[in-house]
Amino acid sequence: MLSLLRTFWEILKHTFRRRLTVQYPEEKPYLAPRWRGRIILSRDPDGEERCVACYLCAVACPVDCISLQATEDKNGRRYPEFFRINFSRCIFCGFCEEACPTYAIQLTPDFEMGEYKRQNLVYEKEDLLISGPGKYPGYNFWRVAGVEIGGKGKGDAEREDPPTDVRSLLP
Amino acid sequence: MPEVTYLDADELVINMGPQHPATHGVLRVKLKLDGERVTGSECIIGYLHRGIEKIAENRTYQQFAPYVDRMDYVAAVTNGMGYCEAVEKLLGAEIPPRAQYTRMILAELQRIASHLLWLGTHALDLGAMTPVFYTFREREEILRIFENYCGARLTTHAFRIGGLLYDLYDGFEKEVRKFSDMFLGKIDEYEQLLTKNRIWLERTQNVGILKAEDAIAYAVTGPVLRGSGVKWDVRKAQPYEAYDKVEFDVPVGRHEGWGDTYDRYLVRLAEMRQSVRIIRQAVERLESGPIFGKVGKIIKPPAGFEVYHAIESPKGELGYLVVSDGTTHPYRVRVRPPSFVNLQAFDLMARGHLIADVVAIIGTIDIVLGEVDR
């Protein structure tokens, strides 16, 4: 009998404690900055797509949910012709973000992706692309890469010396 | 238990599960009944089989790591730790101390979280509704630490082969210290609710008795084995990470040579206290330094090697056998899941008990069907 009263007393004490329930749809929970949620494609500070369609994310993906097709614009800049993520397969492991050499693909703190139709979980490039740089503001792959594209010749990149003239005899 | 016929009734076979809430997932138990009494049982598993071991053969070593989180989905961190360590053993890679202690802290937090989930649901099965609310409250704190550390709560995929991907976030140590200080008082709260409660004693004492020699014969590990009075813990017997550098005790049940459901309950509560002890020591020894060992981006172990590595998961000995064939894919991955092996002893424990006790016995083994079926 005493043991039961002790149990009741413990529960009675708890009725006066602060409530911990989060009233979810009205009150949003705090999500960590590292949260692995909905995947986005970001743009560099100039507003151009960061993705260079290198296929590393598609190769790293354990469930093969990313598909894309590379193409080039008239400046010689690579970009994906289409970029498709099937979120009904995605397990949000973050391998694509780890593999990405240009910080283009990023995982964001958002989990509210419920859909009534499975087909709606297939996100195309226009659904994935955001207008900002995401987690890495200021990074511009084409400006630091030594690759020549229209409007940026050899040696024009940041921290890059102009190319050496190998035919010149002078040191 | 002797085979006694009660009330001269005919034998009746009923199915418990796969949808019964007390079977913790999709376990189907075929019970042979004599009135209310169980005279025999058979566990039918496989409802959650996903062929994870076969999937491993078609994935690279790194790509398989998120899959192991989905076996024991209430203790994903320890699953991932076991797999990463097995592959590191295959590669002969050394892990820096900071990564080791971080892994230990997270694994022990995961052990607490898993035991809390077990305690809540086990008590709920036996009719005590309150503990589940209290245990989930503390489990939430742990999941929040995981969430801040690696961005996921359940299928964490926190470690990488060779070390860690993420370094600890600012305030991690403070949060973990705060949790470990707060948590010991909370265990006392659960004990206040259950340990001496008459109803709890009636439902758990002398229910599901497992003798030590039977437990060893059935290769039972983890708290079920220790509840039977056998002092065996992989962390002590074959230390991995830095478990040989921290002090902790291995709790055992009250009796010499046998144990019941109540013993296993006490062992798990004591284990949570020991986990807090380990966490406190590990947080003290965290020092700055590298978090990733000398492991390349492409993992290609030499051909023809096989490695068995076991860790102490919250449920028992979790072992991985990884066989390499010189490519980036494992030739074979075999998992020794503790739940699957422990479930074998179910029939032994259930015989002679009432149907209501079957619920207690399923709960006390602490099975996760994702791990049993894989």
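This is a short dialogue about reading a predicted model of two protein chains, A and B.

Student: Where do I start with the place where the chains meet? How many residues does each chain give to the contact?

Tutor: Chain B brings 33 residues to the contact, and chain A brings 24 residues.

Student: And how is the size of such an interface usually given?

Tutor: The size is often stated as the accessible area that is lost when the parts come together. Here, chain A and chain B bury about 2400 Å² between them, with 51% of it on carbon and sulfur atoms. On the chain B side, the residues that lose the most area to chain A are B:Q63, B:E147 and B:Q192; together they make up 21% of what that side buries.

Student: Next, the charged pairs. How many salt bridges cross the interface of chain B and chain A?

Tutor: The rule finds two salt bridges there. A:R17 forms a salt bridge with B:E189, and their closest N and O atoms are 2.9 Å apart. Polar contacts are counted as well: 21 residue pairs across the interface, both residues being at pLDDT 80 or more.

Student: Which helices of chain B supply at least two residues each to the side that touches chain A?

Tutor: Look for α2 (61–68), α5 (130–150), α6 (172–194) and α7 (198–204) of chain B. The helix that gives the most to this side is α5(B), with seven residues. Sorted by class, the side of chain B that touches chain A has 12 nonpolar, 10 polar and 11 charged residues.

Student: Now the inside. Which residues touch the most other members of the largest nonpolar core?

Tutor: That core has 141 residues, and A:I66, A:F83, A:I105 and B:L109 touch the most other members. Helix α4 (residues 97–125) of chain B provides the largest share of this core, 13 residues. Try clicking on A:F83: leaving out residues up to four places away in sequence, A:F83 touches residues including A:L41, A:C51, A:I66, A:I105 and A:Y123. Another core, of five residues, lies apart from the largest one, and among its members are A:V52, A:F141, A:W142 and A:I149.

Student: Let me try a single residue. Is B:G40 buried or exposed?

Tutor: A residue counts as buried when its relative accessible area is under 20%. B:G40 has 6%, so B:G40 is buried. You will find B:G40 in strand β3 (residues 37–44) of chain B.

Student: What does B:G40 touch, not counting residues up to four places away in sequence?

Tutor: B:G40 touches B:K30, B:L31, B:K32, B:D347 and B:R351. Also compare positions along the chain: B:G40 and B:G352 are 312 residues apart, while their C-alpha atoms are separated by 8.2 Å.

Methods. Residues numbered from 1 in each chain as written. Chains lettered and ligands numbered in written order. Predicted model: local features only at pLDDT ≥ 70, side-chain atom pairs only at ≥ 80, totals over all residues. Heavy atoms only, no water. Contact = heavy atoms within 4.5 Å. Buried area = accessible area lost by both parts, 1.4 Å probe. Salt bridge = Lys/Arg side-chain N within 4 Å of Asp/Glu carboxyl O. Polar contact = N/O pair within 3.5 Å; in protein donor to acceptor, adjacent residues only side chain to side chain. Helix = DSSP H or I, 4+ residues; strand = E, 2+ residues; numbered from the N terminus. Nonpolar A, V, L, I, M, F, W, Y, C, P; charged D, E, K, R; others polar. Core = buried A, V, L, I, M, F, W, Y, C linked by side-chain atoms within 4.5 Å. Buried < 20%, exposed > 50% of the residue type's maximum accessible area, 1.4 Å probe, protein only.
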